[in-house]
Amino acid sequence: MKLLVTGGAGFIGSNFVIYMLQQHPDYKIMNVDALTYAGNLENLKSVEGNPNYTFVKADITDVAAMDALIGQGVDVVVNFAAESHVDRSILEPDVFVKTNVLGTQVLLDAAKKYSVTKFVQISTDEVYGTLGATGLFTEETPLTPNSPYSASKAGGDLLVRAYHETFGLPVNITRCSNNYGPYQFPEKLIPLMVSRALNDGALPIYGDGLNIRDWLYVEDHCSAIDLVIHNGVIGEVYNIGGNNERTNMHIVKTILEELGKPESLITYVQDRPGHDRRYGIDPTKITNELGWKPKHTFETGIKETIQWYLNNKEWWTRIQSGEYQKYAALQYGSR
Ligand code: NAD
Ligand code: TDX
């Protein structure tokens, strides 16, 4: 099988490339990534030189480049490439629409032209909007995105659906909850808090800290996508989540405890505009229909993750010293 993975130099994409080369050593994997601030080829050092792995630097909005790549006998396209950070989407929504909506459509056109056997769109639970105190997101929950990021992801999802309905393109859409694990860019909650705590910096909690996210260890996400590629029923959406709802405050206190740092580092800052209160995924469909089961509990996953950031300080220190500085200054000021 020949897979085109887009955004494979990012957090989940690079974990997925590594996972797939381990699980399916005979598959050919082509990774296309524009290497934005979030793309980092260092994540893929362990697979460099593998004859079944190739990397191409290109933008998914580039029609000619995507045509040339997918025209090389690609069987399955897995689309991870996206602008992925909610806070950045509030600062500059335009690039989110470009990559997440237009980029998806460019890929869909090439996938249709070359009749790929499947197009898998990696989406997010954020397209469902926010939950109150009760209930869970199912695949039937209406899309009511609240941020420019989630609206752009919903736009991409709707195009994927439309290419299936209109042109018969064989597609699946996966919508997962918050991922955590190795190689996550230190702008997202867990790596941000670990890296700031290690430097004895302030830990910025938005609002009251009681917003809830449903955490999924990245490797468990990868195993779910692998199942969807092989066994997902064409045209279907699959929600992926590990039943790990936690408040942000719980996450931050766990990190502080694990690192032996004081709670006095916690700093309440202005809330994120449009901040979704609670996400919670109902994974019944993928569990019952595809037999997916996560391997990690949150308690083991978070410990392994914190340990990874402790062991790989150079990785995140290098990232934080580059382009990231400009964003951090805008988002967090001098704190
Ligand atoms: P990430 O920001 O770490 O990585 C995104 C990758 O896409 C980067 O390597 C970047 O260089 C690349 N990219 C961006 N724009 C591109 C373009 N125009 N052309 C080609 N490449 C481009 O993101 P992530 O956290 O790994 O998320 C991957 C996917 O999973 C995204 O589609 C995201 O919406 C989705 N998702 C993420 C989470 C999460 O918790 N991280 C949860 C649910 C869904
Ligand atoms: O400094 C912070 N302080 C804070 O309180 C940051 C960065 C976040 N938060 C809060 C906001 C959220 O309630 O922590 C929670 C998690 O924030 P993020 O890590 O930014 O993730 P989230 O907004 O939930 O979105 C993530 O999960 C769904 C990914 O970034 C998306 O790509 C994915 O679709």
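The following is a working chat about a predicted model and the surroundings of its two ligands.

User: How confident is the model, by mean pLDDT, ipTM and pTM?

Analyst: The mean pLDDT of the chain is 97, and 99% of its residues reach 70 or more; pLDDT is the predictor's confidence in each residue, from 0 to 100. The model scores ipTM 0.99 and pTM 0.98. As this is a predicted model, local features need pLDDT of at least 70 and side-chain atom pairs count only at pLDDT 80 or more, while totals for chains, interfaces and linings use all residues. Residues are numbered from 1 along each chain as its sequence is written, and chains are lettered from A and ligands numbered from 1 in the order in which they are written.

User: Which residues are the closest to ligand 1?

Analyst: Gly7, Gly10, Ala38, Gly39 and Ala82 are the closest of the 30 residues that surround ligand 1. A residue is near a molecule or strand if its C-beta atom, placed from the backbone, lies within 6 Å of it.

User: And which helices and strands supply at least two residues each to that shell around ligand 1?

Analyst: Helix H1 (11-23), helix H4 (94-113), strand E5 (118-124) and strand E7 (178-180) do. The largest share, 3 residues, comes from H1. Helices (H or I, at least four residues) and strands (E, at least two) are DSSP runs, numbered from the N terminus.

User: How does the shell around ligand 1 divide by class?

Analyst: The shell around ligand 1 has 13 nonpolar, 13 polar and 4 charged residues. Ala, Val, Leu, Ile, Met, Phe, Trp, Tyr, Cys and Pro count as nonpolar, Asp, Glu, Lys and Arg as charged, and the others, Gly among them, as polar.

User: Now ligand 2: how many residues surround it, and which are the closest?

Analyst: Ligand 2 is surrounded by 16 residues, the closest being Ser84, Thr124, Lys188, Leu189 and Tyr206. Helix H6 (189-198) and strand E8 (203-206) each supply at least two residues of this shell, and E8 gives the largest share, 3 residues. By class, the shell around ligand 2 divides into 6 nonpolar, 6 polar and 4 charged residues.

User: Is Thr124 buried or exposed?

Analyst: Thr124 is buried, because 22 other C-beta atoms lie within 10 Å. A residue is buried if 20 or more other C-beta atoms lie within 10 Å of its own, exposed if 12 or fewer, and partly exposed in between, with C-beta atoms placed from the backbone. Thr124 lies in strand E5. Beyond four places in sequence, Thr124 touches Ser150, Lys153, Arg175 and Cys176; contact requires C-beta atoms, placed from the backbone, within 7 Å. Thr124 and Asn178 are 54 residues apart in sequence and 8.2 Å apart in space, C-alpha to C-alpha.

User: What about the largest nonpolar core: how many residues has it, and which have the most contacts inside it?

Analyst: The largest nonpolar core has 80 residues, and Val77 and Val78 have the most contacts inside it. Such a core is a set of buried Ala, Val, Leu, Ile, Met, Phe, Trp, Tyr and Cys residues joined through C-beta atoms within 7 Å. In soluble globular proteins, nonpolar side chains tend to be buried together.

User: What are Val77 and Val78 in contact with, neighbours in sequence aside?

Analyst: Leaving aside residues within four places in sequence, Val77 is in contact with Leu4, Ile70, Leu107, Ala111, Val116, Phe119 and Val120. With residues up to four places away again not counted, Val78 touches Leu3, Val5, Val120, Ile122, Ile225 and Ile229. Val78 belongs to strand E4 (residues 76-79) and is buried, with 27 other C-beta atoms within 10 Å.

User: Where is Phe137, and why does it count as buried?

Analyst: Phe137 is in the loop between E5 and helix H5 (148-167), and Phe137 counts as buried because it has 24 C-beta neighbours inside 10 Å. Phe137 and Arg175 are 38 residues apart in sequence and 9.8 Å apart in space, C-alpha to C-alpha.

User: What is phi for Leu35 and for Tyr183?

Analyst: Phi of Leu35 is near 55 degrees, a positive value in a residue other than glycine. Phi of Tyr183 is near 70 degrees, likewise positive in a residue other than glycine. Leu35 is in the loop between strand E2 (28-33) and strand E3 (53-57), and counts as partly exposed with 14 C-beta neighbours inside 10 Å. Tyr183 is in the loop between E7 and H6 and is buried, with 22 other C-beta atoms within 10 Å.

How values were computed:
Contact = placed C-beta atoms within 7 Å.
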